[in-house]
Amino acid sequence: MPSLKHLSQSAFAGPALALTAFALFSAHDVIVKTLGGSYSPVQIVFFSVLLGLPLAMILLMRDPTDGNLFPRRPGWTALRTGAAVVTGVSVFYAFTVLPLAQTYAILFATPLLITILSVPILGERVGLHRGAAVVVGLVGVLIVLRPGQGAGISAGHVAALLAACASAFASIIIRKIGNEERNVVLLLYPMMANLVLMGAALPFVYRPMPLADFGALALMASLALVASLCVIAAYKRAPAFQIAPMQYSQIIWAVLFGALFFGEGVDLLTIAGAAVIILSGIYIVMREDKANVSDNRPVLATRTRTDTGTYPRAGQLGKFDEEQGSDDGLNKP
């Protein structure tokens with residue numbers, strides 16, 4: 001029987017850790033959906049950030065880089081912060097009112113949108129292959145939404161689309177300014193903005209929370225943290241092109257959890273649309289991994305899912321570890 005050490009060094013360790021991470025993220029979303037039946041997304045976002053702040057403060061104390069908390073690129077930082085706030089409220093609302101599988105299918109369009117936004121913001125050159133993959137993926141989104149059929153596009157669908165767009169915008173901004181801006185600034189500003197804005201709106205929507213529900217919020221924060229750490233560990237053990245597609249495993253958990261906890265049936269058109277979106281996203285990832293295809297690798301550089309600004313992102317946590325290790329190395333005899 002292989003030892004844990006050999007398992008951690010095997011070719012399957014990275015993808016296995018990524019699959020574990022996205023299973024935990026899916027469990028996190030089940031709690032969001034459960035609580036969303038009783039509480040406003042504003043209240044859920046506010047307390048999620050509140051519970052995540054202690055970790056942010058610990059990271060702030062560990063940050064080895066010199067400087068203050070004023071952003072070096074204030075305009076882009078403000079835009080990224082606003083996008084993260086919009087994403088948080090939108091995605092929590094979408095999870096509340098839409099079936100899990102449908103929400104994930106729409107959010108899976110984020111890599112397609114990142115590819116589109118990389119052209120004007122990063123100056124990325126998107127060739128025929130990736131351009132065609134984006135078009136095909138967007139057709140998949142239309143299959144999921146089915147405009148003009150049935151009940152039509154609901155507020156939940158609009159919220160999920162808005163979350164995908166805002167998350168893609170936030171991710172591409174991080175790709176643009178990430179090498180210039182301190183990680184602690186990128187980490188704290190969305191969280192503090194969520195805390196202030198959701199706190200201002202909280203008196204209008206607040207409902208008293210029993211201890212069990214507050215405990216569920218604490219469990220959400222813990223799941224997000226452990227999942228982010230698993231993503232970091234996965235990227236340390238395998239190349240990005242192997243890890244990035246693992247996020248699509250969430251559609252499996254969406255079908256299972258949706259049926260188990262919420263009595264949601266399997267919508268074949270949603271699954272078909274999701275399959276088209278997933279295949280397009282995987283193709284873009286594979287193209288970005290090829291030499292001389294992408295200058296910026298914007299999708300491969302996005303190490304986690306939707307940027308809600310409610311907890312530290314895996315990319316930020318990973319960079320803190322890298323900076324700490326670099327600082328420790330400089331101080332070694």
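**A pocket, a core and a helix end**

By class, ten nonpolar and five polar residues form the lining of the second largest pocket, with no charged residues among them. The model in which this pocket appears is a predicted one. The space inside the second largest pocket amounts to about 150 Å³. Its lining comprises 15 residues, of which Leu51, Gly52, Ala221, Ser222 and Leu225 are the closest to the centre. Two elements each give two or more residues to this lining, namely helix H3 (41–62) and helix H10 (211–237). The greatest share comes from H10, which gives six residues.

Attention may now turn to the nonpolar core. The largest nonpolar core holds 86 residues, and within it Leu35 and Met220 touch the most other members. When residues up to four places away in sequence are left aside, Met220 touches His28, Ile31, Val32, Leu35, Ile44, Ser48 and Phe92. Leu35, the other residue singled out in the core, is thus itself one of the contacts of Met220.

A further point of interest is Phe262. This residue belongs to helix H12, which spans residues 250–262. Is Phe262 buried, partly exposed or exposed? Its relative accessibility is 28%, and because buried means under 20% and exposed means over 50%, Phe262 counts as partly exposed. Not counting residues up to four places away in sequence, Phe262 touches Val30, Lys33, Thr34, Leu100 and Phe257. One of these contacts, Leu100, lies 162 residues from Phe262 along the chain, while the C-alpha atoms of the two are separated by 9.2 Å.

Conventions:
Residues are numbered from 1 along each chain as its sequence is written. This is a predicted model: local features need pLDDT of at least 70, side-chain atom pairs count only at pLDDT 80 or more; totals for chains, interfaces and linings use all residues. Side-chain values use heavy atoms; hydrogens and water are left out. A nonpolar core is a set of buried Ala, Val, Leu, Ile, Met, Phe, Trp, Tyr and Cys residues joined through side-chain atoms within 4.5 Å. Buried means under 20% relative accessible area, exposed over 50%, partly exposed in between (1.4 Å probe, protein chains only). Contact means heavy atoms within 4.5 Å. On a 1 Å grid over the protein atoms alone, a cavity is a set of points where a 1.4 Å probe fits but cannot get out, and a pocket is an open set with protein on both sides within 12 Å along at least five of seven lines; lining residues have an atom within 4 Å of a point. Grid points are joined across faces, edges and corners, and a volume is the space filled by probe spheres set on the points. Helices (H or I, at least four residues) and strands (E, at least two) are DSSP runs, numbered from the N terminus. Ala, Val, Leu, Ile, Met, Phe, Trp, Tyr, Cys and Pro count as nonpolar, Asp, Glu, Lys and Arg as charged, and the others, Gly among them, as polar.
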